[in-house]
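Reader: I would like a close look at one part of this structure. Please take a single contact region and go through it in order.

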There are 2 protein chains.
Amino acid sequence: MALRSFVEVHPDSHFPIQNLPYGVFKPGPGSSPRPGVAIGDYVLDLSELASAGLFDGPLLSNSDCFLQPNLNKFVSLGRPAWKEARATLQKLLSANEPTLRDNTALKQKCLVPMNRVELLLPVAIGDYTDFFSSLHHTRNCGILFRGPQNPVLENWFRLPVAYHGRASSIVISGTDIVRPRGQGPPAGSSTPYFGSSLKLDFELEMASVVGPGNELGKPVDINEAADHIFGLVLMNDWSARDIQAWEYVPLGPFLGKNFGTTISPWIVTLEALEPFATDAPKQDPPPLPYLAEKASKNYDVSLEVRIKPAEQNNLSLVTRSNLKHLYWTLTQQLAHHTVNGCNLRPGDLLGTGTISGPEPDSLGCLLELTMNGQKELSLNGATRKFLEDGDEVIFTGCCQGNGYKVGFGTCSGKVVPSPP
Amino acid sequence: MALRSFVEVHPDSHFPIQNLPYGVFKPGPGSSPRPGVAIGDYVLDLSELASAGLFDGPLLSNSDCFLQPNLNKFVSLGRPAWKEARATLQKLLSANEPTLRDNTALKQKCLVPMNRVELLLPVAIGDYTDFFSSLHHTRNCGILFRGPQNPVLENWFRLPVAYHGRASSIVISGTDIVRPRGQGPPAGSSTPYFGSSLKLDFELEMASVVGPGNELGKPVDINEAADHIFGLVLMNDWSARDIQAWEYVPLGPFLGKNFGTTISPWIVTLEALEPFATDAPKQDPPPLPYLAEKASKNYDVSLEVRIKPAEQNNLSLVTRSNLKHLYWTLTQQLAHHTVNGCNLRPGDLLGTGTISGPEPDSLGCLLELTMNGQKELSLNGATRKFLEDGDEVIFTGCCQGNGYKVGFGTCSGKVVPSPP
């Protein structure tokens, strides 16, 4: 019989005892940030559990990692400590275990209704890297920007292409996104366009949160890369396509991306995702030895994007995709990132790039869905080529287990107008 | 008569009382990091001065900004506090002022011989951006990579092109640089090259250290941009040209750059550089209004690059350039960076890009000096197309005043072999 918690969890909840994703929250307006895990409609306060001495395993009993304002210290401890924490939490929350279940005062302190808390960025992000690892997305963008001949460049099949993003503008789900101003391509031979972006887009991504880092000059072996990944979040890499198109040659995306990137508040661990591992697509040509892994896997995470226009009460589903569509795996991304000696630090974020699937309704951004504004998307009667002010974009991600879900909750943001 | 310190300063020193650049140091192996300023051959310990109550102005007398392990808090305070600190320090160090001069015990504690201290990164760098603002460098690279027709792309004259770099691998002058491994272009139609980079290069740059930041969604006006720049450092943006050439299309430089970036330890303030301000080059086409500044200025900083091969005792001068050659100014870079609402944080680093001058001996990297390895550079009998293991690269930067210099000291690093 499946593991069950004494905390009541609806079968449709993303947060049963099989998940236990980590986040950072404030229980009330005046309180300090602290780590927690989601369980059903509650947040379990890990600082209170730690203060009560309930992390009694050998690695965590003397650690102050849950008394920090972010998860960086905990994620830096590595997989043995993560496994110990998960075992402790699954035991404490299980239906058969009286320690927390029967201690009303402690339960009162530790279990906070999720609708009462403020969720914060779970980690301090030192560096944020964004990959470009979906073949469908890469091919579609290549066709749109360079035409149908040779839409995927030769290097793409040899290495997980990536660029550095901006860490300062990563925000937590629920934060408004100010429409960026900037330069767009000149129409004809005149001066460039300048003003609010006319082609604001979302990008459906997920991102790895780095656990233990590596020293500068010391690459991570591909078969040890999984031990450097703590877990995953949903990510919306908001993009201004007109700004991007004009600025990105030859040094890549900059102001078209760095005005805001939204992540979901709960980091779902690789341990919780393990039952949903799938074989990664076969790679042809085969990867170079430093990218060839003994087991090459993705995870079966169903992803959905909905848009809610300001004037509507309904959300319109605009795409369904899946993390399993990635061509380059999360571990290949991490190994490639360090092969030159580049150092990762605990809490760094590695985005997958837009995750598009093979079907027309599985494309991960409006650029693809509307063919760069050549056609319109219908939203309950309203139409969109790109995002309008007031639009709210909501991502969800979820794995379907046998009678339970392991989910990511939502990653959402509303577009607000540019400053005057 | 020129301002003079009671601390003896050689006329060739980069650090007279007119300069007073800020850094962070450990006075001895066991001690904690603390802010200091360079004066002649000494470092003045600002934590000791602050503890002795000698910062007695209205803005700093109750601040703990000099009791921090980095300068982020001080630089966040803004220009009025910087001016107050400079006035206090120039007074305390001046030949006529007895407070410090005649207090032997305090002097003993506060003035540490520079050759005894360990210099550290002066700021915690949240995000690092690298611009591409020298027209000479841009044109030379365009000719090498795309041929002599139209070597500078249309967007370059309209906006200061930039990309995000890696903050984690920024190191202080004197740190060894491990030669990166990685993929290079395939020779013919075979698989890509993989191994130690065969085209390791330096890039002569300077970088702005951001003072007060801006809120996400709130651009900085071009005419207020200077108040967001605390000062400048020298920077070597080490580059692996073979890795870069293979990976950079379409998302820009990544592993070809992020294995290491070296900065000089002393931040020279804009106040100290003000006497060396020069008119920036006329821009044609004229900049869009958000980049049009009332006064458009560069600084006359002479820059020199020397290489010392492992087997030689001598340094060979390989280039002489100058910060005044920049096409896009430091303030235009900063205003452009925020025009879309992107937030900067105190301590962020904005690199200028390689600073090449118009002459053949003023080119800022080996890519240009050897025309991507097509010709050899002579170093006291040795020759180089790119850097070899054991090579030490030393940058210096200096402004020549009337009877004194305002300098940056050196920014150096030695290339060590790739891991096996």
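Author: What follows describes the contact between the two domains of chain A in this predicted model. The domain assignment places residues 22-120 of chain A in domain 1 and residues 128-416 in domain 2. Between the C-alpha centres of domain 1 of chain A and domain 2 of chain A the distance is 30 Å. On the domain 1 side of chain A, 19 residues are in contact, and they meet 17 residues of domain 2 of chain A.

The area buried between domain 1 of chain A and domain 2 of chain A comes to about 1500 Å². Carbon and sulfur atoms give 66% of that area. Of the area that domain 1 of chain A buries against domain 2 of chain A, 38% is supplied by Tyr22(A), Val75(A) and Arg79(A), more than any other three residues supply.

As for the polar part, three salt bridges are counted between domain 1 of chain A and domain 2 of chain A. In a salt bridge, the side chain of Arg79(A) meets that of Asp227(A), at 2.8 Å from N to O. Arg79(A) is thus named twice: in this salt bridge and among the three residues that supply 38% of the area buried by domain 1 of chain A. Six residue pairs are in polar contact between domain 1 of chain A and domain 2 of chain A, with both residues at pLDDT 80 or more.

The side of domain 1 of chain A that touches domain 2 of chain A draws at least two residues from each of β1 (22-26), β2 (34-39), α2 (72-76), α3 (79-93) and β5 (118-120) of chain A.

Technical notes. Residues are numbered from 1 along each chain as its sequence is written. Chains are lettered from A and ligands numbered from 1 in the order in which they are written. This is a predicted model: local features need pLDDT of at least 70, side-chain atom pairs count only at pLDDT 80 or more; totals for chains, interfaces and linings use all residues. Side-chain values use heavy atoms; hydrogens and water are left out. Domain bounds come from an automatic or database domain assignment. Contact means heavy atoms within 4.5 Å. Buried area is the accessible area (1.4 Å probe) that two parts lose on being put together, summed over both. A salt bridge is a side-chain nitrogen of Lys or Arg within 4 Å of a carboxyl oxygen of Asp or Glu. A polar contact is a pair of N or O atoms within 3.5 Å; within protein, one must be able to donate a hydrogen and the other to accept it, and residues adjacent in sequence count only if both atoms are side-chain atoms. Helices (H or I, at least four residues) and strands (E, at least two) are DSSP runs, numbered from the N terminus.
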